[in-house]
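Hi,

Here is the structure I promised to pass on. Have a look at it first, and then read my notes below.

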Amino acid sequence: MKLSKGNMKLLKFINENPGVTQLEIAQEIGISKGSISIFVKKAKENNYILEIKKEQKVKIHPTKLGKDIVMENTLKNLAGIC
């Protein structure tokens with residue numbers, strides 16, 4: 001899965017807010033729940049995130065791979081600035 005800027009923004013948000021729900025993402029970022037749902041499905045298939053059901057809510061957490069991708073993207077952006 002090649003991550004667009006929008007998808008990278010979502011993955012970065014999940015990394016910064018582990019345990020976030022789809023509704024919380026939609027409220028904070030301003031993207032429809034449908035779009036987030038599509039991203040979550042694809043990101044799970046690619047092992048970037050995992051969902052854990054807790055207290056009748058599904059919480060989204062980054063995997064190690066998801067964290068590594070965000071870190072790599074951040075480093076590339078910093079290298080481009082210098």
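**Salt bridges, hairpin and core**

D68 comes out as partly exposed, since its relative accessibility is 37%. Before I go on, please keep in mind that this is a predicted model.

I started with D68 for its partner: its side chain meets that of K64 in a salt bridge, at 2.9 Å from N to O. K64 is exposed, at 62% relative accessibility. Both residues belong to helix α4, where they sit four residues apart, or about one turn of the helix. As you know, side chains of opposite charge can pair when their charged atoms come close.

How many salt bridges does the structure hold? There are three. Another one joins K76 to E72, with 3.4 Å between the closest N and O atoms. These two are also placed in helix α4, and because they are four residues apart there, about one helical turn separates K76 from E72. K76 counts as exposed because its relative accessible area, 54%, is over the 50% cut-off. E72, with a relative accessible area of 46%, is partly exposed.

Then there is the salt bridge between K44 and E51, whose closest N and O atoms are 2.7 Å apart. K44 lies in α3, which spans 33–45, and E51 falls in β1, which spans 49–54. Both ends are partly exposed: K44 has 39% relative accessibility, and E51 has a relative accessible area of 29%.

That takes us to the strands. β1 and β2 run antiparallel and are joined by six bridges. Going through some of the pairs, L50 has H61 in β2 as its bridge partner, while K54 is matched with K57 in β2.

I52 is another residue of strand β1. Is I52 buried or exposed? Neither, as it turns out: at 39% relative accessibility it is partly exposed, because that value lies between the 20% and 50% cut-offs. Leaving out residues up to four places away in sequence, I52 touches K57, V58, K59 and H61. I also looked at I52 together with T21: the two are 31 residues apart in sequence, and their C-alpha atoms are 10.0 Å apart in space. While you are looking at the strands, remember that in a regular strand the side chains alternate between the two faces of the sheet.

The turn of the hairpin is worth a look too. Most residues other than glycine have a negative phi. What is the sign of phi at E55? It is positive, near 55°, and E55 is not a glycine. E55 is in the loop that links β1 (49–54) to β2 (57–62), and this hairpin has two residues between its strands. Q56 is in that loop between β1 and β2 as well, and its phi is also positive, near 60°, again in a residue other than glycine. As for the surroundings of the turn, E55 is exposed, with a relative accessible area of 70%, and Q56 is exposed with 78%.

Now for the inside. The largest nonpolar core is made up of 19 residues, and L11, I25, F39 and I49 have the most contacts inside it. Which elements give two or more residues to this core? They are α1 (5–16), α2 (22–29), α3 (33–45) and α4 (64–81). α1 provides the largest share, with five residues.

L11 is a good place to centre your view. Apart from neighbours within four places in sequence, L11 is in contact with L3, F39, Y48, I49, G66, I69 and V70. Two of the residues in that list, F39 and I49, are also named among those with the most contacts inside the core.

Finally, there is a nonpolar patch on the surface. It is formed by M71, L75 and L78, which together have about 300 Å² of accessible area. M71 is in helix α4, the helix that also holds the salt-bridged residues K64 and D68.

If you want an order for browsing, I would take the α4 pairs, then the hairpin, then the core around L11, and end with the patch.

Cheers

Key:
Residues numbered from 1 in each chain as written. Predicted model: local features only at pLDDT ≥ 70, side-chain atom pairs only at ≥ 80, totals over all residues. Heavy atoms only, no water. Buried < 20%, exposed > 50% of the residue type's maximum accessible area, 1.4 Å probe, protein only. Core = buried A, V, L, I, M, F, W, Y, C linked by side-chain atoms within 4.5 Å. Contact = heavy atoms within 4.5 Å. Patch = residues over 30% accessible without salt bridge, like charges linked within 9 Å, V, L, I, M, F, W, Y side chains within 5 Å. Areas by Shrake-Rupley, 256 points an atom, 1.4 Å probe, with all protein chains shown as cover. Salt bridge = Lys/Arg side-chain N within 4 Å of Asp/Glu carboxyl O. Pairing = 2+ DSSP bridges.
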